[in-house]
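Visitor: Before we begin, may I ask that each term be justified as it is used? I should like to see the reasoning behind the labels.

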Amino acid sequence: ARWLYSARLARRNLRRYPGQYFVIRFEDLVRRPEETLRAVCVFLDETYTPAMPAMTGAPEYREKRSHGRTLQPDESPLSDEFIGLYRRTIPPPELAFMQRLAGREMALFGYAPDELHLSTGDRMRLAIDYPVNLARMAAWRSVEGLQQTFPSIFGRSPGGNMILPVGDVARPAVVEASR
């Protein structure tokens with residue numbers, strides 16, 4: 001639900017702010033960091049430096065993203081080990097529900113749906129659970145809508161990683177999309 005919300009928000013912002021909004025897929029940043037960072041630098045009108053993928057200028061963030069791994073000084077802390085992690089824990093009928101609901105947005109951002117081989121029992125479970133999952137999604141979207149529309153009443157506090165230190169200059173928005 002959160003990915004679907006962010007994907008729709010990204011589409012809306014691309015439409016509302018042409019040339020001022022840039023979407024980055026996490027998979028691209030991890031698998032092709034130099035190419036992706038170069039594109040970001042062009043977008044932000046910044047100079048790319050070879051030290052950027054290693055994040056040596058941001059030691060706290062570098063440490064946080066290394067997830068306990070010992071890194072070489074020029075090694076990127078980003079890892080693709082977390083891409084698709086959910087596939088090992090979410091049952092196939094739930095994946096089928098997610099893909100059915102988010103298929104259009106997935107395609108728009110270059111994601112192909114997983115090929116799922118559902119047993120007869122899985123198909124029955126999907127049919128039975130579909131209305132419940134749809135209601136849960138509608139409830140979540142309603143809460144999100146209230147939080148976005150009436151932030152002073154229903155707002156939520158941003159996570160610590162979303163708050164910029166005092167003095168940081170606002171830049172055009174760059175969003176990281178990940179499935």
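Visitor: What is the handedness of the crossing of H1 and H6?

Guide: In this predicted model, H1 and H6 cross in a right-handed sense. The label applies because the near helix is turned clockwise from the far one by less than a right angle.

Visitor: Why are H1 and H6 called oblique to each other?

Guide: Helix H1, residues 2–16, packs against helix H6, residues 120–149, at an angle of about 50 degrees. Angles under 35 degrees count as roughly parallel, and 65 to 115 as roughly perpendicular. The angle of about 50 degrees fits neither class, and H1 and H6 are therefore oblique. Their axes lie 11 Å apart.

Visitor: Which residues meet in the contact of H1 with H6?

Guide: From H1 come Arg2, Leu4, Tyr5 and Arg8, and from H6 come Met137, Trp140, Arg141, Glu144 and Gln148. By class, the residues of this contact are four nonpolar, four charged and one polar.

Visitor: What makes up the largest nonpolar core?

Guide: Twelve residues form this core: Ile24, Phe26, Leu29, Val30, Leu37, Val40, Cys41, Leu44, Tyr48, Met55, Leu78 and Ile83. Helices H2 (26–31) and H3 are the elements that give two or more residues to this core. H3 gives the most, with four residues. A second, separate core has ten residues, including Leu4, Ala7, Met106 and Tyr111.

Visitor: What does Cys41 touch, not counting residues up to four places away in sequence?

Guide: Cys41 touches Glu46, Thr47, Tyr48 and Met52 on that count. The word is used because heavy atoms lie within 4.5 Å.

Visitor: How do you know whether Asn133 is buried or exposed?

Guide: Asn133 belongs to helix H6. Its relative accessible area is 12%, and buried means under 20%. Asn133 is therefore buried.

Visitor: How far is Asn133 from Met98, in sequence and in space?

Guide: Asn133 and Met98 are separated by 35 residues in sequence and by 9.3 Å in space, C-alpha to C-alpha.

Visitor: Why does Asp45 count as buried or exposed?

Guide: Asp45 has a relative accessibility of 71%, and exposed means over 50%. Asp45 therefore counts as exposed. Asp45 is located in the loop between helix H3 (33–44) and helix H4 (59–66).

Visitor: What is the phi of Asp45?

Guide: Phi of Asp45 is near 60 degrees, which is a positive value in a residue other than glycine.

How values were computed
Residues are numbered from 1 along each chain as its sequence is written. This is a predicted model: local features need pLDDT of at least 70, side-chain atom pairs count only at pLDDT 80 or more; totals for chains, interfaces and linings use all residues. Side-chain values use heavy atoms; hydrogens and water are left out. Buried means under 20% relative accessible area, exposed over 50%, partly exposed in between (1.4 Å probe, protein chains only). Axes are lines fitted to C-alpha atoms, for helices over the stretch in contact, and angles run from 0 to 180 degrees between N-to-C directions. Angles under 35 degrees count as roughly parallel, over 145 as roughly antiparallel, 65 to 115 as roughly perpendicular and the rest as oblique. Ala, Val, Leu, Ile, Met, Phe, Trp, Tyr, Cys and Pro count as nonpolar, Asp, Glu, Lys and Arg as charged, and the others, Gly among them, as polar. A nonpolar core is a set of buried Ala, Val, Leu, Ile, Met, Phe, Trp, Tyr and Cys residues joined through side-chain atoms within 4.5 Å.
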